[in-house]
Amino acid sequence: MHPFLTKHRQPILRYAPTLLVEIGWWTWALLDAPTNIGRFAQPSPYGGYNYYLTLTMALGSLVAGATSEGGGAVAFPVMTLALGVPPPVARDFSFAIQSFGMTCAGITILGLAVPVDVEAIIWGTAGGAVGLAGGLVGVAPFLPAAYAKLLFVSVWVAFAVALYRLNRADKERRVYTSAGESDEALHRIHRGEAKDEANVIDESDKEDPVQEEESGGTAVQEERSRSETAIKSKSKYRRAAVIVVTSLFGGLCTSIAGSGLDMATFSILTLYYRVDEKVATPTSVILMAGNAILGVIFRLIGLGGRYAGGEETYIWVFVSVCIPVVVIGAPLGATISSRLSRGTIAGLLYLLDGIQFIAALAIVRPWSASPPNNIWLCVSSGLTLIVGSIFFYKIANWGEKRDKDMETSHSASSMLLSSSVTEPASSAEEEAQPDVWDDSQ
């Protein structure tokens, strides 16, 4: 590699994607400036003007890069609730625009060497792809627009409540840099406890240390090594299964609203595995970038149904007026996120999810829909909120139980080690006391 590239690798990775996209977009725009630049001020076929979306995605791209909520989490509710855009069009726009913005943010994250959970990215991508494809074929086409709008915001406000409860109950909780590290910490403590017990038994039962070491020491070590390898392998498969199942649900949400895989993976990493929000956030950004690209590919090959008249054209017009802002906003958000505390990141999530939920209720007004839709909308939204809250609450409780198991095991191990050290000293003192008494007699 050229010395210049080696020396400036991080700045190149950080800024080159944005710069290349901006050069490409401006080259295209200036080829026919009156038409291409003039489309910002053109009326949208659904109401308002195209530049409304430009302003929306200026904020949405910042959110996408800085938090676990993709740009679609801002675009979808604004487009469907405020601008009257049909959910399938809003979803496909979210796919396309996140393919630009969040991909640039992901490259920036890698360029900054921000820590991410690589295992979660691999398994989350696999599960998210299956969930996205299945949702596009079997769920999204049959879900009425009003239900899609309310179910999306209800699920994630339930998550925000669970995360708030967790951070409120234990502000100084132990956090990890990956789900694998969380599992390893649990196994390390259990392994230490087992070794301490074995050492105590060995000290009390050994008669000939040399003979014991020659006859059984190697066999015991080999057995322990095999046991630890089996435990790690089982833990890895279990961790993969948990993340894949979670990402299946996230991919399903993405098939409806254009985002969801990022929040689903973020939720399992933070609530159950206790991964630091500063690690879970960039991990979710990279995951959502890949899932958005897959969404574009799936829709281009016709997965999920055909477009109504003109819809595909409208989507690309919307994308064209947002590209120049999202490729700057998303990397900027990723850079800002790397400098924020995990408490601040969590606070942003509470705020965004709360605003989305309140806005959805105020605009959709499910109670005022025509019967019996008014009843079903209210019931489905309420059930989603309740079931989602219970689900995320249980995940947080399972994570809390893991933490308590670690603390209990660590305490037991420390007490066992302490007793193994103090007992020989006590025995020595007891043996010395009769000698002193005899001399005094």
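Which hand does the crossing of H4 and H6 have, left-handed or right-handed? I started my notes with that. The model I am reading is predicted.

**Entry 1: H4 and H6**

I found the crossing of H4 and H6 to be right-handed. H4 covers residues 50-66. I read an angle of about 50 degrees for the packing of H4 against H6, and their axes are 10 Å apart. Angles from 65 to 115 degrees would count as roughly perpendicular, and those under 35 as roughly parallel. H4 is therefore oblique to H6.

Next I looked up who makes this contact. From H4 come Leu-53, Met-57, Ala-64 and Gly-65. H6 brings Phe-93, Ile-97, Met-102 and Ala-105. I then sorted the contact by class. Seven residues are nonpolar, one is polar and none is charged. The polar one is Gly-65, because Gly counts as polar here.

**Entry 2: H6 and H13**

I stayed with H6, residues 87-111, and turned to H13, residues 311-320. These two helices pack at about 40 degrees, with 9 Å between their axes. Roughly parallel would need an angle under 35 degrees. H6 and H13 are therefore oblique to each other. I noted the hand of this crossing too: right-handed.

On the H6 side, I listed Val-89, Asp-92, Phe-93, Ala-96, Ile-97 and Phe-100. On the H13 side, I listed Glu-311, Ile-315, Trp-316, Phe-318 and Val-319. By class, I have nine nonpolar residues, two charged and no polar ones. The charged ones are Asp-92 and Glu-311, because Asp and Glu count as charged.

I spotted two names from my previous entry. Phe-93 and Ile-97 of H6 take part in the contact with H4, and both also appear in the contact with H13.

**Entry 3: cysteines**

How many disulfides does the structure hold? I found zero. A disulfide is a covalent bond between the sulfur atoms of two cysteines. I looked up two cysteines for their accessibility. Cys-104 has a relative accessible area of 4%, so Cys-104 is buried. Cys-253 is at 13%, so Cys-253 counts as buried as well. The cut-off for buried is under 20%.

**Entry 4: Ser-267**

Is Ser-267 buried or exposed? I placed Ser-267 in helix H11, residues 261-272, before checking. Its relative accessibility is 3%, so Ser-267 counts as buried.

What is Ser-267 in contact with, leaving aside neighbours within four places in sequence? I wrote down Phe-159, Tyr-272 and Phe-392.

How values were computed
Residues numbered from 1 in each chain as written. Predicted model: local features only at pLDDT ≥ 70, side-chain atom pairs only at ≥ 80, totals over all residues. Heavy atoms only, no water. Axes fitted to C-alpha atoms, helices over the stretch in contact; angles between N-to-C directions. Helix = DSSP H or I, 4+ residues; strand = E, 2+ residues; numbered from the N terminus. Parallel < 35°, antiparallel > 145°, perpendicular 65-115°, else oblique. Left-handed = near helix turned anticlockwise from the far one by under 90°. Contact = heavy atoms within 4.5 Å. Disulfide = S-S within 2.5 Å. Buried < 20%, exposed > 50% of the residue type's maximum accessible area, 1.4 Å probe, protein only.
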